[in-house]
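Dear colleague,

Please find the structure below, with a short account of the findings after it.

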Amino acid sequence: MISQFFILSSKGDPLIYKDFRGDSGGLDVAELFYRKLTGLSGDESPVVMFQDDRHFIHIRHSGLYLVATTSENVSPFSLLELLSRLATLLGDYCGSLSEGTISRNVALVYELLDEVLDYGYVQTTSTEMLRNFIQTEAVVSKPFSLFDLSSVGLFGAETQQSKVAPSSAASRPVLSSRSDQSQKNEVFLDVVERLSVLIASDGSPLKVDVQGELRLKSFLPSGSEMRIGLTEEFCVGKSELRGYGPGIRVDEVSFHSSVNLDEFESHRILRLQPHQGELTVMRYQLSDDLPSPLPFRLFPSVQWDRGSGRLQVYLKLRCDLPPKSQAVNIRLHLPLPRGVVRWTFPAYQDPPATGLPPQPLCWGWALQASPLNSPGTHAPASRFASLGWLSGPVATPTPTSGYATLATARPMSFGSEAPQTRTWQQRKKASKWEEDNIFFLGVLAYGSGCRQRTPES
Amino acid sequence: MPYLGSEDVVKELKKALCNPHIQADRLRYRNVIQRVIRHMTQGLDMSCVFMEMVKASATVDIVQKKLVYLYMCTYAPLKPDLALLAINTLCKDCSDPNPMVRGLALRSMCSLRMPGVQEYIQQPILNGLRDKASYVRRVAVLGCAKMHNLHGDSEVDGALVNELYSLLRDQDPIVVVNCLRSLEEILKYEGGVVINKPIAHHLLNRMSKLDQWGQAEVLNYLLRYQPHSEEELFDILNLLDSFLKSSSPGVVTGATKLFLILAKKFPHVQTDVLVRVKGPLLAACSSESRELCFVALCHVRQILHSLPGHFSSHYKKFFCSYWEPHYIKLQKVEVLCELVNDENVQQVLEELQGYCTDVSIDFAQAAIFAIGGIARTYTDQCVQILTELLGLRQEHITTVVLQTFRDLVWLCPQCTEAVCQALLSCEENIQDSEGKQALIWLLGVHGERIPNAPYVLEDFVESVKSETFPAVKMELLTALLRLFLSRPAECQDMLGRLLYYCIEEEKDMAVRDRGLFYYRLLLLGIDEVKQILCSPKSDPSLGLLEDQPERPVNSWASDFNTLVPVYGKAHWATIFKRQGTEQCGPELPRTASFAPSGHLISEENKERVQELPDTEALMLIPNCQLTAEYFEKTWLSLKVAHQQVLPWQGEVHPDTLQMALQVVNIQTIAMSRVGARPWKAYLSAQDATGCLFLTELLLEPKNSEMQISVKQSETRTEILSSFVSVLETVIGTIGNMKS
């Protein structure tokens with residue numbers, strides 16, 4: 001049972017506020033929540049908070065706070081699940097979930113909330129049932145996107161990107177059929193992987209953990225059956241062996257409840273009838289020994305000059321993605337040891353960056369361009385779309401704090417965003433869905449985040 | 001929150017709403033209304049345009065209708081007289097041929113929340129309950145609850161309740177669930193909706209038709225159903241088995257809770273269910289939603305309290321990733337600390353060691369404390385890691401390591417040697433009070449094993465004038481006096497200086513008094529000082545008290561899948577107290593688990609307890625068994641020899657208290673249930689000379705204090721006082737543990 005529901009922007013401005021039971025008592029509940037949230041001490045968790053006779057339960061999604069309040073001792077699992085589902089629903093109906101889309105579609109969001117929750121009780125969250133009752137159309141603005149430009153090659157040549165849809169193609173509302181007659185019957189299937197790697201000082205991975213999922217966004221008419229074929233060499237568990245080569249192996253895999261697994265054992269085919277909107281078809285996990293090399297390799301070297309107290313950190317980052325993929329938004333954070341008084345960053349930046357230690361003792365650099373024309377590129381772009389090498393900051397520990405400060409250097413981290421390729425298929429609208437749509441795909445390494453431990457000196 | 005310029009906005013919108021040109025253009029009209037709604041969300045008072053909005057409600061445009069109704073529901077309590085004007089339109093809409101319009105109008109009308117609306121909504125609700133469209137019936141059923149709550153009194157309309165009970169057989173699953181919710185609200189003061197056998201079986205059969213939200217909620221209602229026979233119980237469990245495999249975490253945990261509660265007499269079934277739910281919980285722990293992950297971790301900790309080895313083989317799932325938020329990392333460290341066993345201790349410690357140098361100071365310190373916790377079982381490995389950490393010479397690390405060492409030496413005397421080795425020269429890195437106190441304490445108590453202890457303390461004495469924390473000064477006084485007893489030659493001079501400073505120059509009264517006390521004590525002679533200051537240097541039995549015993553599953557089954565594990569039991573208790581009587585009834589902890597006394601301490605520990613003389617004169621004998629009758633007779637025949645009041649917060653955990661008393665050989669004769677007010681306990685003990693101590697504990701929750709009355713079979717004041725001090729220590733420890 002929910003008393004109030006509201007959506008706050010990351011700065012705490014209310015975008016949506018709905019009081020289901022009228023028991024706010026004249027308080028500005030949204031402000032109360034934001035004040036409590038920002039005033040939390042370090043060891044308190046923000047997920048569930050208690051203030052003024054009500055529990056605040058919230059999730060953060062795409063920079064927004066989706067908050068529900070209740071005065072009863074409810075099931076936290078169900079409530080958090082509901083908030084996540086609401087976030088997905090709002091994303092489906094508004095195209096994508098962000099501060100902009102919510103404030104453009106206030107009427108639609110209220111209408112949706114009105115149908116999903118009555119008196120604080122969930123009525124239905126199925127896209128199918130809801131679409132009968134939702135009358136407002138989503139306001140979509142087409143933001144200027146660099147990805148649209150990137151699909152135009154040099155001198156109009158066809159590029160890799162022009163063969164695939166722009167990454168924003170999937171962020172459109174599911175309900176645009178009324179106005180837009182030329183609605184495409186599209187299906188988007190994303191493979192999203194999250195890698196967490198701990199690398200030893202000699203560059204070998206110590207711990208690898210991959211969490212991946214297959215995300216489906218369907219604009220097909222509901223009830224159309226879809227078959228997703230995975231490669232037949234897809235093995236689950238450590239012992240299973242299929243096919244001839246090393247195959248593709250995951251440790252654990254779980255499917256959405258609507259997926260029919262009759263043909264999974266024999267042919268690795270998932271059958272499902274997705275409703276319109278987004279759906280996580282499959283999740284998998286993989287740890288320890290990876291069957292394929294990591295998308296990035298890091299070659300660190302640390303030199304410590306006792307005399308001058310200078311510490312030189314050279315980091316060489318190499319991207320091993322296949323040439324048709326690209327890594328975007330690579331960010332690298334290098335926590336600096338305590339006691340650093342000055343750092344310089346000489347490599348490939350003009351003028352060389354230098355400065356006093358930043359406050360959180362952390363140094364970060366975002367590589368903003370695609371690897372082929374990265375300013376950090378040292379050598380001409382190789383087949384491996386090498387990131388070149390970048391040399392880290394030269395830190396100078398204070399002479400007094402001495403040797404031991406080095407040992408407190410904390411793990412370095414870097415992350416990059418997924419190459420935004422999407423597998424998609426387009427079909428003419430058929431009165432009856434006769435042909436099977438089979439998508440073959442291998443599990444490709446996709447977003448990644450690695451962390452590396454600076455060598456123990 | 002009014003801000004400058006808001007009046008202009010309202011005026012402009014008002015004008016626009018009245019403009020006939022805009023009214024004629026559907027889209028423009030709708031846009032203006034949307035702007036009103038947007039301002040309303042931002043907190044602007046838009047109630048001035050109520051009249052215009054009421055006019056706008058008479059339209060065929062359903063989007064506009066929805067917006068206007070939303071507006072009216074928000075401001076109706078402020079403008080009840082104007083809102084009545086809209087009733088007419090709403091009533092008309094309630095008989096619209098389009099079920100969507102009927103439902104919308106009925107829902108909005110019931111949500112108006114203003115006095116006097118009841119008489120208008122009663123008939124539409126009754127019509128709605130018999131509507132042929134399920135959409136309208138759903139709205140009408142919840143409308144009953146809204147109407148009842150608007151009345152504000154507890155008068156229950158019997159006919160309506162019967163109608164709702166019969167609607168439980170409705171075709172539409174959402175109507176069924178709404179009926180349960182509505183009945184629950186209407187019958188709130190009579191204990192909620194009654195789930196009898198036919199209703200329970202009907203609901204069980206309809207379960208598969210419900211969506212995940214309905215399933216989770218019905219599972220919750222089924223908790224109050226008591227199966228009549230064992231056979232029926234297992235039939236229900238078999239029927240519900242598939243829900244343990246549901247893909248929705250809410251349904252899985254709801255089903256788990258139902259299993260745990262229904263099978264409370266079958267521990268093997270409970271264990272089995274917890275094994276089955278392991279997979280879904282672990283999946284939630286690594287879920288993409290960090291909030292869900294956090295809640296799942298809290299529940300994992302709850303399960304670990306009862307089944308310590310439950311997640312041991314999955315320890316890797318609880319390793320922290322660098323992108324995780326702080327609160328998840330802290331939970332994971334706690335979980336790691338609890339699931340450690342012989343097989344994974346090496347890996348877990350390696351992982352924790354990595355966290356100790358984390359960027360976040362809080363997290364690093366939590367990791368060090370966690371290693372300290374593991375050190376109670378795996379002492380050698382942990383002490384080695386902690387010693388290495390001291391070598392980093394980082395202030396925030398050193399101070400926590402020292403505190404860990406202090407606690408460790410007290411609980412595990414076998415590691416004293418290693419700790420003393422590690423202590424050499426780490427004093428220059430501490431600035432905060434806690435760390436200094438820990439170091440000084442260690443130097444004072446174990447100074448005879450640390451060669452340079454007097455010199456380190458001397459540095460502290462030198463800088464005592466600039467010391468800001470009185471607690472550090474007090475600790476320094478005690479430590480130096482203790483060290484003086486074992487190494488007089490090296491300490492005499494500086495002890496003199498310190499005492500002089502404390503008595504003559506110190507401004508803090510507590511420190512001054514402590515200084516004076518020690519000074520006068522020294523005047524009495526060294527033997528007296530020794531007798532008073534040389535207390536035991538360690539107390540392994542305290543570890544038993546600190547380690548929470550394995551709690552039976554039944555003690556938390558009713559808290560599973562609620563907010564209690566998320567807040568933590570202690571925090572929940574304070575919230576519960578603040579909420580007062582608002583949440584009575586089912587929220588009360590209904591557990592009354594009485595573990596039979598005895599066998600809680602291993603034989604080995606019992607011996608150790610005896611070896612440690614608690615006080616010189618008193619020696620309580622173990623296994624003194626008194627019958628309740630004999631106790632009662634003796635109790636009535638004796639006079640109260642000693643009475644005392646101790647502070648006490650919150651509830652009593654009988655198991656913990658009973659076990660703690662057992663450690664010091666005090667037997668429990670009888671105790672009240674948990675949550676009883678006032679709470680009472682009767683205790684007995686016998687010393688080696690045969691003197692009986694009978695005790696009554698009386699807890700008055702409103703005064704938050706524990707009253708102790710002791711009766712004694714022979715009048716001997718010195719052993720009475722030592723008995724009372726033992727009792728005091730135990731109760732004080734338990735009290736501190738909870739708070």
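The notes below cover a helix pair and several aromatic pairs.

This is a predicted model, in which local features need pLDDT of at least 70, side-chain atom pairs count only at pLDDT 80 or more, and totals for chains, interfaces and linings use all residues. Residues are numbered from 1 along each chain as its sequence is written, chains are lettered from A and ligands numbered from 1 in the order in which they are written, and side-chain values use heavy atoms, without hydrogens and water.

In chain B, the axes of helices α23 (residues 395-411) and α25 (residues 433-445) come within 8 Å and cross at roughly 40 degrees; axes are lines fitted to C-alpha atoms, for helices over the stretch in contact, with angles from 0 to 180 degrees between N-to-C directions. Helices are DSSP runs (H or I, at least four residues), numbered from the N terminus. α23(B) and α25(B) are therefore oblique to each other (neither under 35, over 145, nor 65 to 115 degrees).

Across all chains there are 22 aromatic pairs (ring centres within 6.5 Å; planes under 30 degrees apart are stacked, over 60 edge-to-face, the rest tilted). The rings of B:Y71 and B:Y75 lie 5.0 Å apart by their centres, with planes at 55 degrees, so this pair is tilted. Both residues belong to helix α5 (residues 62-75) of chain B. B:Y71 has 0% relative accessibility and therefore counts as buried (under 20%; exposed is over 50%, partly exposed in between, with a 1.4 Å probe and protein chains only). B:Y75, at 7%, is also buried.

Yours sincerely

Note on methods:
Helices (H or I, at least four residues) and strands (E, at least two) are DSSP runs, numbered from the N terminus. Rings of Phe, Tyr and Trp (its six-membered ring) pair if their centres lie within 6.5 Å; planes under 30 degrees apart count as stacked, over 60 as edge-to-face and the rest as tilted.
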